[in-house]
Amino acid sequence: MKLEISCLSLGPVGTNCYIVVDAATREAIVVDPGWDAHLIIDHAEKMKAKVRAVWLTHSHFDHIGGVAGLVRTLNIPVALHSKELPLYKMRGGAKLFGLDIDEPPEPTIKLEDYVVGAKHASPLQIGDLKFEVCFVPGHTQGHVAFYQKADGVIFSGDVLFQGSIGRTDLPGGNYEQLISSIQTQLLTLPDSTIVYSGHGEPTTIGEERETNPFLS
């Protein structure tokens, strides 16, 4: 495997933050830094990883709570789909849950420019690793997933979980849209593809195709 993946469960609802490292160059990205930027930075340093960017699957508060701290300390860009901006600028809806987070900085990488099928789209890259950006709305309207074909892994955010799927009862959620996203963007991947979700343990596309009660 050409990439190293470290998962930290952070914040009030145990959101999975992933530090993804190119094993050859030690360049890294952070996927969904939900909370505790200092813990993420410390862990990356222990991995001898050089964090180059933050990539966000979506902008709920529990996935963006550590963004401000990371950018403030490391001066790195943030990648987000523009359909997520209204929620992002509301600090991910944190106040609806009686919480608050630091105001996150303006994203500088527009993920819609990298979505598979978009005009002139190209993969995102960190070090020598290339990631396809899959547009998977339904949990939120601008949700994306990051697929690294060479090593057979996908970071699915809150779209697909082990034995479950993302909730759709929050503003911007749409059940039919979510199921369509899963069927057309995720279940078309090889069964061996490892799914790193926003919460819980990793799974595989094949396991979810066969056993997930929401997809039968």
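Select Val-31 to begin: at a relative accessible area of 1%, this residue is buried. The model on screen is a predicted one. Val-31 belongs to strand β3. With sequence neighbours up to four places away set aside, display the residues in contact with Val-31: Asn-16, Cys-17, Tyr-18, Val-20, Trp-55, Thr-57, Phe-146 and Phe-155. Then add Gly-157, which stands 126 residues from Val-31 in sequence, while the two C-alpha atoms are 8.9 Å apart in space.

**From β3 into the following loop**

Move next to Asp-32, in the loop between β3 and α1. Is Asp-32 buried or exposed? Its relative accessible area is 2%, so Asp-32 counts as buried, the cut-off being under 20%. The backbone deserves a look as well: Asp-32 has a positive phi of about 55° although it is not a glycine. For context, most residues other than glycine have a negative phi.

**Helix α1**

Continue to helix α1, residues 37-46. Colour Ala-37, Ile-40, Ile-41 and Ala-44, which are buried. These residues cover an arc of only 95° around the axis, and they therefore sit on the same side of α1. What do the buried residues of α1 pack against? Their partners are four strands, β1 (3-10), β2 (15-22), β3 (27-31) and β4 (50-55), together with helix α3.

Now show helix α3, residues 67-74, alongside α1. The two axes come within 8 Å and cross at roughly 50°. The helices are therefore oblique to each other. To see the contact itself, select Ala-37, Ile-40 and Ile-41 on the α1 side, and Gly-69, Leu-70, Thr-73 and Leu-74 on the α3 side.

Before leaving this region, step just past the end of α1 to Lys-48, where phi is positive at about 60°.

**Strand β2 and the turn to β3**

Select Val-21, in strand β2. Val-21 has 0% relative accessibility and is therefore buried. Apart from neighbours within four places in sequence, the contacts of Val-21 are Lys-2, Leu-3, Glu-4, Arg-26, Glu-27, Ala-28, Met-47, Ala-49 and Leu-129. For one of these, Ala-49, draw a C-alpha to C-alpha distance: the separation from Val-21 is 6.5 Å, with their positions 28 residues apart along the chain.

Another contact of Val-21, Arg-26, is found in the loop between β2 and β3. Although Arg-26 is not a glycine, its phi is positive, at about 65°.

**Leu-111**

Go on to Leu-111, located in the loop between β6 (109-110) and β7 (124-126). A relative accessible area of 0% makes Leu-111 buried. Which residues does Leu-111 touch, not counting those up to four places away in sequence? They are Leu-56, Ala-79, Leu-80, His-81, Leu-124, Val-133, Val-144 and Phe-146. Phe-146 is also in contact with Val-31, where the tour began. A further distance can be drawn from Leu-111 to Met-47: these residues are 64 apart in sequence, and their C-alpha atoms are 27 Å apart in space.

**Helix α5**

Select residues 175-186, which form helix α5. This helix of 12 residues reaches 16 Å from its first C-alpha to its last, close to the 16 Å expected at 1.5 Å a residue. Highlight Leu-178, Ile-179, Ser-181, Ile-182 and Leu-186, the buried residues of α5. Viewed down the axis, they fall within an arc of 155°, so they line one face of the helix. Show what they pack against: β10 (153-157), β11 (160-161), β12 (164-165) and α6 (205-211).

At the N-terminal end of α5, zoom in on Asn-174, which caps the helix. One of its side-chain oxygens lies 3.2 Å from the backbone nitrogen of Glu-176.

**Thr-203**

The last stop is Thr-203, in strand β14 (residues 203-204). Thr-203 is buried, having a relative accessible area of 3%. What does the side chain of Thr-203 make a polar contact with? The partner is the side chain of Glu-207, at 3.3 Å. With neighbours within four places in sequence left aside, Thr-203 is in contact with Phe-161, Gln-162, Thr-193, Ile-194, Val-195 and Glu-208.

Technical notes. Residues are numbered from 1 along each chain as its sequence is written. This is a predicted model: local features need pLDDT of at least 70, side-chain atom pairs count only at pLDDT 80 or more; totals for chains, interfaces and linings use all residues. Side-chain values use heavy atoms; hydrogens and water are left out. Helices (H or I, at least four residues) and strands (E, at least two) are DSSP runs, numbered from the N terminus. The expected span of a helix is 1.5 Å times one less than its number of residues. Buried means under 20% relative accessible area, exposed over 50%, partly exposed in between (1.4 Å probe, protein chains only). The arc is that of the directions from the helix axis to the C-beta atoms. Contact means heavy atoms within 4.5 Å. A polar contact is a pair of N or O atoms within 3.5 Å; within protein, one must be able to donate a hydrogen and the other to accept it, and residues adjacent in sequence count only if both atoms are side-chain atoms. Axes are lines fitted to C-alpha atoms, for helices over the stretch in contact, and angles run from 0 to 180 degrees between N-to-C directions. Angles under 35 degrees count as roughly parallel, over 145 as roughly antiparallel, 65 to 115 as roughly perpendicular and the rest as oblique.
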